[in-house]
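Trainee: I have a new structure open and want to learn how to read it. Can we go through it step by step?

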Amino acid sequence: MSRQVLIINVTRMGDLVQMTPLLQRLEYEWPGVAIDLVVDTEFAEMASLLPRIRHVLSYDFQLLMDQTRVRARDLVALYRGVALWAKPLADIQYDRVINLTFNRRSAYLTGYIGAHDTRGLTTAPDGNIIVRNPWMRYFLDMHTYRKFNRFNLVDVYALGGSGQGPFAPIELKHPAAEQQQWANALLASCGKPSAWIAVQIGASDVMKAWRPGYFGQAMALMSQRLNVGFVLIGSKKESAVVQSALQAFKQADGAAPMCNAIGKTNLSQLIALLTHCHLMLTNDTGPMHLAVGEKVPIVNLSVGHVDFRETGPYGRNHWIIQPEIECGPCGFDQVCAHQSCKDRLLPRLVAEVCLHALGKGGVPTSTGGARLYTSGIDEDQLGTYTLLRGVEDPLQQWYGTFWRRFWYDDCTGQMSRTPGPSGQPPDFDQVQEVFTKLEPLLTFLCEAADEMVALTSQPSLSVDRITSCHARVNQVAHEARVLGRMCPAFSPITSAGFRDTYNLGDSDLHGMAREQAKAYATWQSRTREVIRQLTTNHTPTRRDVYAGSTR
């Protein structure tokens, strides 16, 4: 009998599309695997366009969340309703359950369905929320050090849900003949340019959308250099920003065939339109990932709180333009009053990059206040981005390369094939100073944690001694956390170590004490490994096994 896997992904359209390489990786791991997918009802249509799925199972999780918030119904009754719906899934006894949604509702669902091999957020026997699998834990932590992250969400999904393997691109089911005929007819009625360029002017969040007027100016510049036409895509709620862009297009003397598909397509029709496009100019959006799945080259504008290294266009031959600004990318919870990062991306630069992507010009020699990257595949068969123009912060560049190798080695247990950074980090003096203070704190934590394990193993528990030991551990752990976050050499493993001390799957006191002791030992062994590599500038020729590493 073939293996059976359940994936829970109930957030956004883009997340569903970015999950498709995981489906291929599962097939590589287990040929003939049967994959079922749980989605929110809102995204059932999108899920039907994904390949390699046996069954799509939808539930109105958004309604559940709304009713939970306003207490429209009894909370227990609400979750009993979900349990009744999920009972057949629990009866299947999946070989693996992969939860790609990081909220409590999905954790409860994952824990209820149950599987020996569970990955992502789930519940411990006592109902505590925990995260299983090192890559899923990495995903949970990386927002705290995102400027050093070099893993695309696509690869985190694939590595966490399955494992290593050959490069797997984003893919979608091909549009049906009926949808292709519809797209052909629509485009034919709009004109016959030498190339159609899809343009997504809006975005789900205004923070991650380039200014509409700039879109219009860039389109006008392209139309003056090349016989191109533009396919405007998006939902009806984006009509206002599209009109602003069109006004700017006309004011800049733009003249080109225009196919306005705003609010006129379902997903299948949108995909059919994208198959006719030679390029897509876009913010970070779900349709961008659809275009990637149809092998359409992308010029992606990465502004606001968007970091293209996390969610940028995946695979080869895409282009990304990012502002050179100290505060960017900003935090997800930040509301920026000026959004001046968008003004660093000038319409002329964007137009030149688009023309280059179409093979009608070289790489722009000057990018002003922006960086230009191109996408590709690295030696580990993962997505990567190469800087073509502009300047990166040396500290971020050095540690980005370092942590890319470190976490790959740590989470896979195998040595990365990607090259490490050269020399020692720019802040090496500070690193040494912090380590001399951090190491004795971690040593104390390990010793105190071992003492707690011994205390909780006694037949007769000493509440006073346990309470005293616990208080000492908490105080020193806080000091170590503050100190470890002072420099990028220790900040990522400090975040991971702190999270591990609360990621406890056991429900009895002794079991939790053992897990905490293991977490502190891992934190210390990782810290020692970091200082060893930074001090000796050593690129490992074999996998160094961390004494307390958790996998």
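Trainee: Which residue forms a salt bridge with E529?

Mentor: First, keep in mind that this model is predicted. Look for a side-chain nitrogen of Lys or Arg within 4 Å of a carboxyl oxygen of Asp or Glu. Here the partner of E529 is R532, and their closest N and O atoms are 2.7 Å apart.

Trainee: How many residues apart are E529 and R532 in helix α20?

Mentor: They are three residues apart, so about one helical turn separates them. Helix α20 covers residues 509-536.

Trainee: Are E529 and R532 buried or exposed?

Mentor: Read the relative accessible area. Buried means under 20%, and exposed means over 50%. E529 has 8%, so E529 counts as buried. R532 has 27%, so R532 is partly exposed.

Trainee: Which parts does the salt bridge between R309 and E392 tie together?

Mentor: Start with the pair. The side chains of R309 and E392 meet at 2.7 Å, N to O. R309 lies in helix α14, residues 308-311. E392 lies in the loop between β14 and α16. The pair therefore ties together parts that are 83 residues apart in sequence. R309 is buried at 10% relative accessible area, and E392 is buried at 16%.

Trainee: Which residues are linked with R499 in a network of salt bridges?

Mentor: Follow the bridges from residue to residue. D141, D410, D500 and R526 are linked with R499 in this network. Take one of its pairs, R499 and D500: their closest N and O atoms are 1.9 Å apart. R499 is buried at 14% relative accessibility, and D500 is buried at 8%.

Trainee: How many salt bridges are there in the whole structure?

Mentor: A search finds 21. Now look at the charges themselves. The chain has 54 positive and 52 negative side chains. The centres of the two sets lie 4 Å apart.

Trainee: How many helices and strands does the protein chain have?

Mentor: Count 20 helices and 14 strands. Next, check the overall spread. The radius of gyration is 25 Å, close to the 24 Å that the globule rule gives for 551 residues, so the chain is as compact as a globular protein of that length. Its C-alpha atoms fill a box of roughly 85 × 60 × 45 Å along the principal axes.

Trainee: What percentage of the 551 residues count as buried?

Mentor: The share is 56%. Then turn to the surface. The chain exposes about 23300 Å², and carbon and sulfur atoms supply 52% of that area.

Trainee: What do the contacts show about distance in sequence?

Mentor: Take contacts between residues at least 6 apart in sequence. Of these, 68% join residues at least 24 apart.

Definitions and conventions:
Residues numbered from 1 in each chain as written. Predicted model: local features only at pLDDT ≥ 70, side-chain atom pairs only at ≥ 80, totals over all residues. Heavy atoms only, no water. Helix = DSSP H or I, 4+ residues; strand = E, 2+ residues; numbered from the N terminus. Buried < 20%, exposed > 50% of the residue type's maximum accessible area, 1.4 Å probe, protein only. Rg over C-alpha atoms; globule rule 2.2 N^0.38 Å. Contact = heavy atoms within 4.5 Å. Areas by Shrake-Rupley, 256 points an atom, 1.4 Å probe, with all protein chains shown as cover. Lys, Arg positive; Asp, Glu negative; His and termini not counted. Charge placed at Lys NZ, Arg CZ, Asp CG, Glu CD.
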